[in-house]
Each structure stands twice: as C-alpha cells, then as structure tokens.
Amino acid sequence: MRMQPTAQPAGQPLDGEQQAVELRAELDELLNASRYAGQRERRLNEAIRASPGRQRPDGDLLRQLAQARTLREGLGARCLQLSNELQELEIRLRHPQLDEPQLQEPRLQEPRLQQPQPQAQRPQAQEPTPPPPPVRPDLGALTARITTLHRAGAHPETADLLTEAAARLDATDAALLVGMLSQRGPTGASLQLARNCARSAPERAVAVLSELRELGLAEEAAELFHAFWSYPAAALPALLAALERAGQHADGATLLWEWGSAPTPELTALAAGLQQHGRRADLRTLLRQAAGRPTADLAALAAELPPELAGVLLGELTVLRPPVELARLAAALKDQPALYGQLLTALLADEARHRTTFAALRTAGLPTTPPAAPRSRWGRR
C-alpha cells in the first residue's frame with residue numbers, strides 16, 4: 001500500500017507524489033463537473049424540443065443552452081490538459097533517470113561526457129505543450145452588441161457583425177444566436193443571419209439548417225432554405241450531396257422541382273453538372289420536373305442538352321405527356337433527325353401503349369419509324 005505523503009511546510013514546493021495526488025483530485029472534480037454540464041446540456045435540448053406545437057423556443061432556454069455548452073467544452077479542454085500533465089508527471093516518477101542529465105549537469109565537463117546522449121535529453125525536449133482551452137463566444141454579449149448597434153442607427157456595422165457571425169460561428173452556435181436574436185434582437189436580424197449562413201460551405205449551411213429546425217425556428221429555417229435557391233448551377237451538386245448526407249431528401253427534391261422551371265441555359269448547365277458528379281437519380285428528377293414545360297421550351301431544351309441527356313428527357317416525356325402533346329413535340333422536332341429519332345425510339349420501347357400517339361403522327365404526316373443510319377459507301381464491295 002502506498003503511504004500518503006506528509007503535508008509540505010508552507011512555502012515549500014510540493015514533491016512529485018504530492019503533485020500527482022493533487023492533480024488526480026482536481027481531475028476527478030473536473031470530470032464530475034463536465035459530466036454534470038453534459039447532462040444539463042441534454043436536459044435543455046430536450047426542453048427545447050418538447051416545446052408545445054414546436055413553438056419558437058424561449059430565449060432564456062437558448063441562453064442557458066449556450067452557457068451549458070460553453071462550460072462543457074471548456075471543462076473538457078481543461079480535463080485533457082490536466083490528464084496530459086498527470087501522465088508526464090507519472091512518467092517522471094516511474095523513471096527518475098530521465099531527469100538525471102539535469103541533476104548531474106556539472107559532470108558534463110568530464111571528457112567522456114562532453115557529448116551527452118541525445119536519448120537522455122529527448123523526453124525533456126519533446127514534452128508536449130497542453131493545448132489552451134478553446135475560447136467560446138459569448139452569444140448573450142453578441143446579441144446585446146448587435147441590438148445596441150441597431151438602436152444607435154449603425155446599420156452597416158450591424159450588417160457586418162451579422163456577416164462575420166455567420167462566417168465564424170460553428171453551426172450550433174450560429175443557430176443559437178439566431179434564436180436569441182429572434183427573441184431579443186432587432187426586427188429581421190435573425191432572418192438576416194439565417195440568410196447569411198447560406199453563403200458558407202454547403203456542409204455547414206445544411207448543418208445550420210438542421211440545427212434551426214431542431215430548435216423549432218421554422219421561419220428562420222425557411223429563410224435559409226430559400227437562400228439555397230440562389231445558388232448557381234455549379235454549386236448545386238455539392239449542396240444536394242450535403243442535404244442527402246444530412247437526411248434532408250425532401251429539401252433536395254424541392255430544389256430540383258424549382259430548378260425544373262429555370263431558363264434553358266441554367267437548366268442545361270445543372271443537368272450537365274449532375275451528370276458529371278454521377279448524380280443520376282437527381283438528374284432524372286430534374287428532367288422529370290422539366291417535362292412539364294411548354295412544348296416549344298421542351299424542343300429547345302432537348303436541342304441544348306447533350307445527346308445522352310436529351311434521350312433521358314425524351315424518355316421521361318413519353319411516360320408523362322399525353323399523345324396529343326407528344327405529337328406536337330414530334331412536329332417541333334421533325335427538322336432535327338437525331339432528336340426525332342430518339343423520340344421515336346422511346347415511343348417504340350412501349351409500342352402498345354403509344355398506339356394513339358403513332359396514329360396522331362401518321363395523321364400529321366410524320367414518320368413512325370426512326371430514320372435509318374447513313375450507310376458508308378465502303379460498307380459493301
């Protein structure tokens with residue numbers, strides 16, 4: 001059994017064993033406090049989610065949740081720091097020879113010790129510096145500062161602060177600040193912050209959207225989601241992938257539904273981007289939504305799309321559009337043999353179903369068989 005070290009006289013430095021005992025005691029206290037802070041954070045989250053009818057959460061609950069999260073993360077960082085210090089101290093206590101080069105420093109003048117072994121110095125040189133605890137933002141103070149600036153008429157400064165908060169806060173803190181501004185901040189500040197969060201990377205923007213919905217901030221979540229509609233075509237595949245990973249499949253389908261009515265150049269660019277990123281399901285959804293456009297638009301869209309994608313579009317049209325509209329589309333494509341042939345090929349894939357369409361084509365004097373591929377003059381001898 002290890003004997004308890006005797007108390008050190010006042011003003012005397014603690015020996016290694018006593019330091020280890022005190023570090024263990026402090027670490028135990030901090031671990032208990034960290035567990036309590038984590039439990040409180042979970043209870044506050046549950047209280048917010050249990051709001052009747054998913055009403056806007058109480059501002060005090062949001063403030064307490066932010067404080068509990070900051071306390072838990074700060075305690076966790078301090079626990080890690082103490083754990084590292086305790087580990088280093090215990091290594092020195094178990095292996096006191098590691099400190100001998102410093103204790104025998106005068107002997108370094110002897111000839112055979114002119115060049116001390118690097119192994120003896122390495123533990124001292126490579127002792128890791130414990131990381132400092134992370135600095136958590138004071139969301140209450142930030143809310144008050146935004147409100148003060150707005151009341152003073154400093155609207156550009158207020159907008160700059162909201163932009164900076166959207167860029168720098170993590171997803172959870174950004175959502176908490178949105179909730180606190182909705183309760184105590186200037187009118188429209190919470191909506192503006194939510195919109196600003198859409199400018200960040202897709203993964204983070206989607207994470208903020210999920211957090212806002214968890215907090216019951218439906219209006220701000222809708223504002224953020226509507227900001228996704230302004231994303232350029234080149235950014236949509238990454239956003240759709242982020243929504244998919246977050247389980248927000250309905251949001252992705254809604255975005256594709258909106259893009260189905262986009263101007264032909266933008267729609268064509270998005271379709272090509274989805275194909276390039278291998279998002280075949282999204283591509284079919286997009287073209288299925290585009291199938292509801294007027295016949296003239298569909299003919300122009302088919303002409304703009306790459307041949308493979310034009311074939312997908314025309315295939316969707318043969319499933320979704322009635323015979324009379326398919327006959328009009330065929331008439332619009334009659335001067336484009338490649339597209340007309342793709343349309344007929346899609347119709348012939350289910351000839352029995354499209355008898356009425358073929359009858360309408362014959363009545364209009366349009367061919368009902370795909371044009372034969374041009375034969376090479378060298379095909380036969």
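How many cavities of 30 Å³ or more does the structure hold? In this predicted model, the structure holds one such cavity, and the volume of the largest cavity is about 30 Å³. Its lining is made up of Thr 295, Leu 298, Arg 321, Glu 325, Leu 326 and Leu 329, a set that divides into three nonpolar, one polar and two charged residues. Two helices, α15 (295-304) and α17 (323-333), each supply at least two residues of this lining, and α17 gives the most, with three residues.

Val 319 is placed in helix α16, which spans residues 307-320. With a relative accessible area of 47%, Val 319 is partly exposed, because that value falls between the 20% under which a residue is buried and the 50% over which a residue is exposed. Val 319 and Leu 347 are separated by 28 residues in sequence, while their C-alpha atoms are 8.9 Å apart in space. Leu 347 also appears among the residues that Leu 361 touches, a list that comprises Ala 327, Ala 330, Tyr 340, Leu 344, Leu 347, Leu 366, Pro 367 and Thr 368 when residues up to four places away in sequence are not counted.

Leu 361 belongs to the largest nonpolar core, which contains 82 residues and in which Leu 193, Leu 212, Leu 224, Phe 228 and Leu 361 touch the most other members. Helix α7 (residues 171-184) gives the most to this core, contributing eight residues. A second core, separate from it and consisting of eight residues, includes Leu 30, Cys 79, Leu 82 and Leu 89. In soluble globular proteins, nonpolar side chains tend to be buried together.

A search of the whole structure for aromatic pairs finds three. One of them is formed by Phe 225 and Trp 229, whose arrangement is edge-to-face, at 6.2 Å centre to centre and with 80 degrees between the planes. The two partners differ in exposure, since Phe 225 is buried, with a relative accessible area of 7%, whereas Trp 229 is partly exposed, with a relative accessible area of 34%. Another edge-to-face pair joins Phe 228 and Tyr 231, at 5.5 Å centre to centre and again with 80 degrees between the planes. Here Phe 228 is buried, with a relative accessible area of 0%, and Tyr 231 is likewise buried, with a relative accessible area of 11%. Phe 225, Phe 228, Trp 229 and Tyr 231 together form one aromatic cluster, and Phe 228 is also one of the residues that touch the most other members of the largest nonpolar core.

Helix α11 (residues 236-245) is mostly covered, with seven of its 10 residues buried. These buried residues are Leu 236, Pro 237, Leu 239, Leu 240, Ala 241, Ala 242 and Leu 243. What covers them includes four helices, namely α9 (202-214), α12 (249-259), α13 (264-276) and α14 (280-290). Just after α11, Gly 247 takes a positive phi of about 80 degrees.

Notes. Residues numbered from 1 in each chain as written. Predicted model: local features only at pLDDT ≥ 70, side-chain atom pairs only at ≥ 80, totals over all residues. Heavy atoms only, no water. Buried < 20%, exposed > 50% of the residue type's maximum accessible area, 1.4 Å probe, protein only. 1 Å grid on protein atoms, 1.4 Å probe; cavity = no way out; pocket = protein on both sides within 12 Å on 5 of 7 lines; lining within 4 Å. Points joined across faces, edges and corners; volume = space filled by probe spheres on them. Nonpolar A, V, L, I, M, F, W, Y, C, P; charged D, E, K, R; others polar. Phe/Tyr/Trp six-rings, centres within 6.5 Å; stacked < 30°, edge-to-face > 60°. Contact = heavy atoms within 4.5 Å. Core = buried A, V, L, I, M, F, W, Y, C linked by side-chain atoms within 4.5 Å.
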